[in-house]
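Colleague: Before we discuss any details, could you put the model in front of us?

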Amino acid sequence: MKIYMTVLGILMLLCGICCVATPMLAFVGTGYFLIILLMVYGIMSIIRGLENKNFGLNFVFGIVSVVLGILILVIPGLRGLTVAVALYIMAAWFVVRGVIAICEAIKVKKLDSGSMWILGIVAGVLAILLGVYSALHPLVLVFSMEWLVGLYFIISGVDMIAAAVQYSEA
């Protein structure tokens with residue numbers, strides 16, 4: 001699990017840097033970034049649920065994320081439609097993901113006295129703010145989405161790497 005989380009964290013970090021460094025290219029590939037986001041979090045949530053034998057909300061959300069990612073990838077018109085409504089899809093996904101991240105961070109805080117749980121809180125709050133902002137101001141978000149998504153990818157990547165380090169110490 002440690003290696004898997006580290007690799008996913010590095011991939012998220014690289015995707016975030018790509019979004020921030022080349023926002024126009026990221027805008028063109030919004031559908032693919034959404035697919036990557038859904039698949040990475042979905043697979044990670046499923047594996048974590050199977051390893052911990054915890055089939056709660058995070059596990060179910062992981063399955064839903066993977067299914068959505070696959071559907072968007074394989075149905076030709078859906079990717080185009082996804083780009084058109086990506087802001088609203090991402091808004092809902094980010095809010096739910098943010099709430100789950102905050103709940104997971106609170107669980108980590110109760111189990112460990114370290115400060116790594118703070119990254120989970122920051123990632124969760126950023127996800128909720130990004131989701132609410134994209135739902136309320138979709139036109140403004142079109143021009144800033146790649147920066148915000150990039151920052152979210154960067155923070156989430158660092159959070160995954162930190163969780164992998166903490167996981168290896170446990």
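Colleague: In what order do the elements of the protein run from the N terminus on?
Modeller: This is a predicted model, in which local features need pLDDT of at least 70 and side-chain atom pairs count only at pLDDT 80 or more, while totals for chains, interfaces and linings use all residues. Residues are numbered from 1 along each chain as its sequence is written, and side-chain values use heavy atoms, with hydrogens and water left out. With helices taken as DSSP runs of H or I of at least four residues and strands as runs of E of at least two, numbered from the N terminus, the protein has seven helices and zero strands. From the N terminus on, the order is α-α-α-α-α-α-α.

Colleague: How wide is the arc that the buried residues of H1 cover around the axis?
Modeller: Buried means under 20% relative accessible area, exposed over 50% and partly exposed in between (1.4 Å probe, protein chains only). In H1, which spans residues 2-21, the buried residues are Met5, Leu8, Gly9, Met12, Cys15, Gly16 and Cys19. They lie on the same side of H1 because the arc, taken from the directions from the helix axis to the C-beta atoms, is only 130°.

Colleague: Which residues are exposed on the other side of H1?
Modeller: An α-helix has 3.6 residues a turn, so residues three or four places apart point the same way. On the side of H1 opposite the buried residues, the exposed ones are Ile3, Leu14 and Ala21.

Colleague: Which residues does Asn58 touch, not counting those up to four places away in sequence?
Modeller: Asn58 belongs to helix H4, residues 57-74, and is buried at a relative accessible area of 11%. With contact meaning heavy atoms within 4.5 Å, Asn58 touches Ser45, Arg48, Arg97, Ile100 and Glu104.

How values were computed
The expected span of a helix is 1.5 Å times one less than its number of residues.
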